[in-house]
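Ready for a few exercises on a fold you can turn around on screen? Try each task yourself before reading the solution.

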Amino acid sequence: MRNQNVNVFERVEKKYRLNQKQYKRFLDAVEGKIHMDAYGLHTIRNIYYDTSDHELIRRSIDKPKYKEKLRMRGYGEIKEDSTVFLEIKKKYQGVVYKRRARLTMGQARTYLETGICPEERNQILNEIDYFIRFYRPKPRVYLAYDREAFVGNEDETLRITIDRNIRSRSHCLELSFDGECEMQNPGEYLMEIKVSGAYPIWLANLLGKCEIYPTSFSKYGTVYARMVSHDRVYDWTAYKDVEYNVLGYAQS
């Protein structure tokens with residue numbers, strides 16, 4: 001369910017990994033059932049925050065009943081006055097709850113580096129404050145992708161997104177820079193279907209006919225697992241470009 005407050009979301013999300021053939025077959029099959037939203041193909045950029053020992057992503061990989069994460073997200077080209085979102089994303093027993101605060105890039109930077117909030121403080125920023133004070137997270141990974149987003153023709157609460165060119169880096173953790181990234185699973189598409197309740201019958205049948213099945217997949221989790229496998233989980237405090245004094249806490 002999507003709350004009347006556009007910064008609060010509650011829904012079921014399922015993920016599907018598609019190859020090029022499945023991607024084309026799916027789009028052909030859903031023609032007339034869904035349409036692209038107003039943003040068209042666009043780029044999403046994220047900075048994920050975690051503890052010094054990567055507690056949040058390690059816990060998430062273990063697939064607990066409850067998990068949560070913090071990220072900063074921006075769309076398209078990011079400048080100092082661009083709108084970005086600080087998001088807490090929680091998942092409990094398969095239901096995703098996302099709460100986000102809208103700030104400019106400059107406001108978000110000031111807030112994360114000094115703890116100084118915009119004058120219009122709200123409940124979501126209070127929750128982000130608590131999250132940061134509890135976990136004391138720092139920026140860990142830049143992760144970006146190009147997204148097509150669709151909504152249902154008959155029910156616009158049905159949302160389908162398809163991501164491609166998933167890329168990441170663990171240095172230069174700035175939303176405004178999209179270079180020096182490592183591609184994740186080139187040629188693959190990650191589809192997410194987001195609904196407030198059950199799938200429409202036509203969609204469930206179509207997925208079966210296209211032989212497209214749900215999978216467990218985390219973009220940040222995949223990046224972290226690859227870093228571990230290549231022995232690239234660093235002492236992050238050694239990198240000046242990620243030394244943020246989040247909410248006024250000194251680095252340790």
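**Exercise 1: a loop residue**

Asn-185 is partly exposed, with a relative accessible area of 21%; buried means under 20%, exposed over 50%, and partly exposed in between (1.4 Å probe, protein chains only). Before going on, note that this is a predicted model, where local features need pLDDT of at least 70, side-chain atom pairs count only at pLDDT 80 or more, and totals for chains, interfaces and linings use all residues. Residues are numbered from 1 along each chain as its sequence is written, and side-chain values use heavy atoms, with hydrogens and water left out.

Task: find where Asn-185 lies and what it is in contact with beyond four places in sequence.

Solution. Step one: Asn-185 sits in the loop between β9 (182-183) and β10 (189-195); strands are DSSP E runs of at least two residues, helices H or I runs of at least four, numbered from the N terminus. Step two: leaving out neighbours within four places, the contacts (heavy atoms within 4.5 Å) of Asn-185 are Arg-17, Phe-217, Thr-222 and Arg-226.

**Exercise 2: a charged network**

Task: work out which residues are joined with Lys-219 into one network of salt bridges.

Solution. Start with the cut-off: a salt bridge puts a side-chain nitrogen of Lys or Arg within 4 Å of a carboxyl oxygen of Asp or Glu. Step one: Asp-163 pairs with Lys-219 at 3.1 Å, N to O. Asp-163 is in strand β8 (residues 159-169) and Lys-219 in helix α6 (residues 219-229), so this pair ties together parts 56 residues apart in sequence. Step two: Lys-219 also bridges to Glu-192, with the closest N and O atoms 3.6 Å apart. That pair links helix α6 to strand β10, 27 residues apart. Step three: salt bridges with shared partners bring Arg-147, Asp-163, Glu-192 and Lys-219 into one network.

Now check burial: Asp-163 counts as buried at 0% relative accessibility, Lys-219 at 8% and Glu-192 at 3%.

**Exercise 3: the largest core**

Task: name the residues that touch the most other members of the largest nonpolar core, and the element that gives its largest share.

Solution. A nonpolar core is a set of buried Ala, Val, Leu, Ile, Met, Phe, Trp, Tyr and Cys residues joined through side-chain atoms within 4.5 Å. Step one: among the 27 residues of the largest one, the residues to pick are Met-72, Tyr-111, Ile-128 and Leu-175. Step two: α4 gives the largest share, six residues. For a follow-up, look at Met-72, whose contacts include Val-84, Phe-85, Leu-112 and Leu-175.
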